[in-house]
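Here are some short exercises to work through with the model open beside you. Try each task before you read its solution.

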Amino acid sequence: MRAVLVNAFGETPQIADVPEPACPPRGAVIRVRATGVCRSDWHAWMGHDDTVALPHVPGHEFAGEIAVLGSEVPDTAGWRVGDRVTAPFICACGRCPECLAGNEQVCDAQSQPGFTHWGSFAELVVVDEAARNLIRLPDSLGFVEAASLGCRFATAYRAIVSRSRLAPGEQIAVHGCGGVGLSAIMIAVAAGVTVYGVDVSDAALEAAEKLGAVPVRGGEGAAERIVAASGGGVDVSFDAYGSAATALDSVRSLKKRGRHVQIGLMFGDNALAAMPMDAVIAGELEILGSHGMAAHEYPSMLGAVASGDFRPVELVGRTIALDEVPAALAAMGTAGGAGSGMTVVEL
């Protein structure tokens, strides 16, 4: 099969012919029809994730059709070759204490396509534990739109709906208006709350404003600008980018008793970002993490998309071919080089 192959971290990946993956007994092989290009894929390519071993095929936001079902996938699971599916980027084992408690998104033995094994920048990708992790796509949902739900929209959905405990009448700030940030804005605007979209990019701010957010210039002084615009600070603030600077701005944007939700991944020195714990204590602030979404939580999100409550396809900035993925990955490392909105690969 054709795939985007990384042979050395940070070096331009190659389009290569590689062996087709073997199907695990309890898993499935999915024929990829569309797959998102996410900043997490950039981190994998740069070697920021210690689960990635070379040579490697990135990619973790995908939709497609079942090509092969494992011999131990029970008939009662209801899956057949040809079914249209997606999967969460965290594939749960179904047997650890976290899974048994319903917290598959923090599974103790999770696998992640594009990280722990070869991903979806290829014609075929493996999903482990198919009975637990495969998600059926509504007939009305196209593959490009389904791929756009992947890591970014699903992560934003759970962060807004579950982790932040967003309530009517609250104000929120979203720091970083890329794919996950714009997803968070779309979901929060649909909930009827005031949203401040924060970024250093004019194109990103314009995209946030089109979705209904109040644009706020990022960078130095961003927290002060949000506090002034919101009349004393927001109730909830999300770092959707993932850096020491944006995380700090997010916390400093909060009013007393506010909640900071960290969505953007933090690697290297950023993983040990300093927090203003004096403000956390004095204002009784909360610092929360949000890590993807479990398969069993997808139906409510898919129902909302199918009914038109959300239109994540509007967040897709462009579609590209598999051959264009190396350049798209490289662009994510340059200021404004990735453009606004999501990039989705059609196969």
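The exercises below go from an aromatic cluster to charges over rings, a buried serine, backbone angles and a surface patch.

This is a predicted model, in which local features need pLDDT of at least 70, side-chain atom pairs count only at pLDDT 80 or more, and totals for chains, interfaces and linings use all residues. Residues are numbered from 1 along each chain as its sequence is written, and side-chain values use heavy atoms, with hydrogens and water left out.

**Exercise 1. Aromatic rings**

Find the aromatic pairs and describe how the rings meet.

Step 1. Rings of Phe, Tyr and Trp (its six-membered ring) pair if their centres lie within 6.5 Å; planes under 30 degrees apart are stacked, over 60 edge-to-face, and the rest tilted. The structure has 2 such pairs.

Step 2. Phe 153 and Phe 310 meet edge-to-face, with 5.9 Å between centres and 65 degrees between planes. Phe 153 belongs to helix H4 (residues 143–163), while Phe 310 is in the loop between helix H10 (298–306) and strand E14 (316–320), 157 residues away. Helices (H or I, at least four residues) and strands (E, at least two) are DSSP runs, numbered from the N terminus.

Step 3. Tyr 157 and Phe 310 are also edge-to-face, at 6.1 Å centre to centre and 80 degrees between the planes. Tyr 157 is in helix H4 and Phe 310 in the H10–E14 loop, so this pair ties together parts 153 residues apart in sequence.

Step 4. Ring pairs thus join Phe 153, Tyr 157 and Phe 310 into a cluster.

Step 5. Buried means under 20% relative accessible area, exposed over 50%, and partly exposed in between (1.4 Å probe, protein chains only). Tyr 157, at 11%, is buried, and Phe 310 is buried at 10%.

**Exercise 2. Charges over rings**

Which rings have the charged end of an arginine over them?

Step 1. The criterion is NZ of Lys or CZ of Arg within 6 Å of the ring centre and within 35 degrees of the ring normal.

Step 2. Arg 39 has its charged end over the ring of Trp 42, 4.5 Å from the centre. For Arg 84, the ring is that of Phe 143, at 4.7 Å.

**Exercise 3. A serine and its contacts**

Is Ser 164 buried or exposed, and what does Ser 164 touch?

Step 1. Ser 164 is in the loop between H4 and strand E8 (171–175). Ser 164 counts as buried because its relative accessibility is 0%.

Step 2. Leaving out residues up to four places away in sequence, Ser 164 contacts (heavy atoms within 4.5 Å) Ala 159, Val 236, Phe 238, Arg 259 and Val 261.

Step 3. Ser 164 and Val 236 are 72 residues apart in sequence, but their C-alpha atoms are 6.9 Å apart.

**Exercise 4. Backbone angles**

Locate a cis peptide bond and two residues other than glycine with positive phi.

Step 1. The bond from Leu 54 to Pro 55 is cis, with omega near -10 degrees. Pro 55 is in the loop between helix H1 (39–46) and strand E4 (61–69).

Step 2. Glu 129 has phi near 50 degrees and lies in the loop between strand E6 (124–127) and helix H3 (130–133). At 16% relative accessibility, Glu 129 is buried.

Step 3. Arg 257 has phi near 70 degrees and lies in strand E12 (residues 254–262). At 56%, Arg 257 is exposed.

**Exercise 5. An exposed isoleucine**

Where is Ile 281, and is Ile 281 buried or exposed?

Step 1. Ile 281 is in helix H9 (residues 277–282).

Step 2. With a relative accessible area of 65%, Ile 281 is exposed.
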